[in-house]
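Here's a quick tour of one model, written for someone who likes to see the cut-offs. Have the viewer open and follow along.

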Amino acid sequence: MRGGTGLAVGGGLGGVLLIALFLLFGGDPSQVPIDSLINQRVGTGQQTDINAECQTDVDANSREDCRIVGYVNSIQAYWEGAVGSYQLAPTTFYDGAVSTGCGQASSAVGPFYCPLDTSVYIDLGFFDQLQSRFGAEGGPFAEAYVIAHEYGHHVQNLLGTLNGGTGETGAESRAVRIELQADCFAGVWSAHAVETGYLEPITREQIRQALDAAAAVGDDRIQEQTQGQVNQETWTHGSSEQRQQWFTTGLESGDANECDTFSADL
Ligand SMILES: [Zn+2]
């Protein structure tokens, strides 16, 4: 989602933690840039220093919050190298509520990007909802997809493609095209994630988790589940098939230039 209103794209993990079964993070620590100072934690819980707590790949493999920090750092490291004008998006982990440049937000909205303060806000509790509310299988890379989608909006903001589309709906609307480009950018990062030095090679199972999450947050799927019918005219994010398709386009090409959802036939 953008701007703090509407339905967020969600990620989720639900009850079963898969992280003990295989290691997601590793690679060469000397190649890992230390830019995590941009990450902060606020909220009703402890005001702990997430940067101090999430230092190593052991932390990232054993704690959900540190895993997300690992994804955030990998995603931003990739875009920093790929887009000359990239500026790190300050990232806030919150629970309950948070005040942002786009107004007050509650955890009900899920992870989101606020273009006005160029920041990403991540409510970790939301990841449970991808399974419970959206019916996704979940898994760590489902989370990665959701997070990467939000930074995709930040890239759009820097590139100038985030403009417009506010209040528009419909299968061919600019709003949908913006969301699909963010999905495509998530795929582009996935294609290069290992190169950032944070992640172990991405497995087919992880890609499947991302595609499953992309389908779960498709407008048609959500409408079917919540209204029992599909109305293309009110779409804001695109169908399950479109979201999967554009994530895949980014993943297979590894090239943000292939993510021109604005002139593409949707
Ligand atoms: Zn979005």
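His149 is buried, with a relative accessible area of 0%, and His153 counts as buried too, at 0% relative accessibility. "Buried" here is under 20% relative accessible area, "exposed" is over 50% and "partly exposed" is in between, using a 1.4 Å probe and protein chains only. Bear in mind that this is a predicted model: local features need pLDDT of at least 70, side-chain atom pairs count only at pLDDT 80 or more, and totals for chains, interfaces and linings use all residues. Residues are numbered from 1 along each chain as its sequence is written, and side-chain values use heavy atoms, with hydrogens and water left out.

Both histidines sit at the metal. The zinc ion is coordinated by His149 (NE2), His153 (NE2) and Glu179 (OE), at 2.0 to 2.1 Å. Donors are N, O and S atoms within 2.8 Å of the metal (3.2 Å for Na, K and Ca), and water is not among the atoms, so sites may look incomplete. Along the chain the zinc donors follow the spacing H-x3-H-x25-E. His149 and His153 are four residues apart in helix 5, so about one helical turn separates them. Helices (H or I, at least four residues) and strands (E, at least two) are DSSP runs, numbered from the N terminus.

Which residues have the most contacts inside the largest nonpolar core? They are Ile68, Trp79, Ile122, Tyr145, Tyr151 and Trp189, in a core of 57 residues. A nonpolar core is a set of buried Ala, Val, Leu, Ile, Met, Phe, Trp, Tyr and Cys residues joined through side-chain atoms within 4.5 Å. These elements each supply at least two of its residues, among others:

| Element | Residues |
|---|---|
| Helix 3 | 64–82 |
| Strand 6 | 119–123 |
| Helix 4 | 127–132 |

A second, separate core of seven residues includes Val98, Ala105, Phe112 and Tyr121.

Trp189 deserves a closer look. Leaving aside neighbours within four places in sequence, Trp189 is in contact (heavy atoms within 4.5 Å) with residues including Tyr71, Ser74, Trp79, Phe141 and Leu199. Ser74 lies in helix 3 and counts as buried, at 0% relative accessibility. With the same neighbours left out, Ser74 is in contact with Trp189, Ala193, Thr196, Tyr198 and Leu199.

Now the rings. Rings of Phe, Tyr and Trp (its six-membered ring) pair if their centres lie within 6.5 Å; planes under 30 degrees apart count as stacked, over 60 as edge-to-face and the rest as tilted. That rule gives nine aromatic pairs. One of them, Phe141 with Trp189, is stacked, at 5.8 Å centre to centre and 15° between the planes. This pair links distant parts of the chain, with Phe141 in helix 5 (residues 140–159) and Trp189 in helix 6 (residues 174–192), 48 residues apart. Phe141 and Trp189 are both buried, and together with Tyr71 they form one aromatic cluster.

On to helix 9 (residues 240–253). Its buried residues are Ser240, Gln242, Arg243, Trp246, Phe247 and Gly250, and what covers them includes helix 5, helix 6, helix 7 (204–216) and helix 8 (219–227). Just after helix 9, Gly254 takes a positive phi of about 60°.

Finally, a hairpin: strand 3 (residues 97–100) and strand 4 (residues 103–106) pair in the antiparallel sense over four bridges, where pairing takes at least two DSSP bridges. Two residues lie between these strands, and Ser99 has Gln104 in strand 4 as its bridge partner.
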